[in-house]
Amino acid sequence: PTQAQFILSDPNRAEPVFTQTIDLDRAGIHRVALPAEFTLKAGIRYRWTVLLACNGGVSKEVVARSFVERV
C-alpha cells in the first residue's frame with residue numbers, strides 16, 4: 001500500500017485549486033472526483049499532476065502530468 005497525491009492547478013493562480021491524497025491499496029486505475037461545487041471554467045487549460053511516492057522516498061517518486069481544458 002502507498003499514497004498518491006493528485007493536484008489540479010489553474011495557470012492564473014499561484015496555489016492549486018484542488019488537491020487530494022489517494023490511498024492505493026491495489027494496482028489498477030483509481031478515480032478522482034472533483035467536489036460537486038467545483039467547476040472547470042471554459043477556455044482555461046488546467047494542469048493535473050499525480051505524485052506517487054514509492055519505497056525509497058522522494059528520489060523514487062513517480063510523476064505524471066498533463067492538461068485538461070473545458071470547451
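A residue is called buried when its relative accessible area is under 20%, exposed when that area is over 50%, and partly exposed in between. In the predicted model described here, Trp48 has a relative accessible area of 26% and is therefore partly exposed. Trp48 belongs to strand S3, which comprises residues 45-53. Leaving out residues up to four places away in sequence, the contacts of Trp48 include Phe6, Ile7 and Leu8. Trp48 also touches a run on the other side in sequence, namely Ala64, Arg65, Ser66, Phe67 and Val68. Although Trp48 and Ala64 are 16 residues apart along the chain, their C-alpha atoms are separated by 8.3 Å.

Thr49 is likewise found in strand S3. With a relative accessible area of 4%, Thr49 falls under the 20% limit and is therefore buried. The side chain of Thr49 forms a polar contact of 3.2 Å with the side chain of Arg65. When neighbours within four places in sequence are set aside, Thr49 is in contact with Gln5, Phe6 and Ile7, as well as with Val63, Ala64 and Arg65.

Ser66 is located in strand S4, which spans residues 61-69. The relative accessibility of Ser66 is 30%, a value between the limits of 20% and 50%, so Ser66 counts as partly exposed. Apart from neighbours within four places in sequence, Ser66 is in contact with Tyr46, Arg47 and Trp48. For Ser66 and Arg47, a separation of 19 residues in sequence corresponds to a C-alpha to C-alpha distance of 5.8 Å.

Aromatic residues were also examined. The structure holds one aromatic pair. In addition, Arg45 lies over the face of Phe67, at 3.9 Å from the ring centre.

A further site concerns Asp10, which lies in the loop between strand S1 (2-9) and strand S2 (18-24). Asp10 is buried, yet has no salt bridge. The nearest side chain of opposite charge is that of Lys41, at 5.2 Å from Asp10. A salt bridge requires a side-chain nitrogen of Lys or Arg within 4 Å of a carboxyl oxygen of Asp or Glu. A polar atom of the Asp10 side chain does, however, lie 2.8 Å from the backbone nitrogen of Asn12. With residues up to four places away in sequence not counted, Asp10 touches Val17, Ile44 and Tyr46.

Conventions
Residues numbered from 1 in each chain as written. Predicted model: local features only at pLDDT ≥ 70, side-chain atom pairs only at ≥ 80, totals over all residues. Heavy atoms only, no water. Helix = DSSP H or I, 4+ residues; strand = E, 2+ residues; numbered from the N terminus. Buried < 20%, exposed > 50% of the residue type's maximum accessible area, 1.4 Å probe, protein only. Lys, Arg positive; Asp, Glu negative; His and termini not counted. Polar contact = N/O pair within 3.5 Å; in protein donor to acceptor, adjacent residues only side chain to side chain. Contact = heavy atoms within 4.5 Å. Phe/Tyr/Trp six-rings, centres within 6.5 Å; stacked < 30°, edge-to-face > 60°. Lys NZ or Arg CZ within 6 Å of the ring centre and 35° of its normal.
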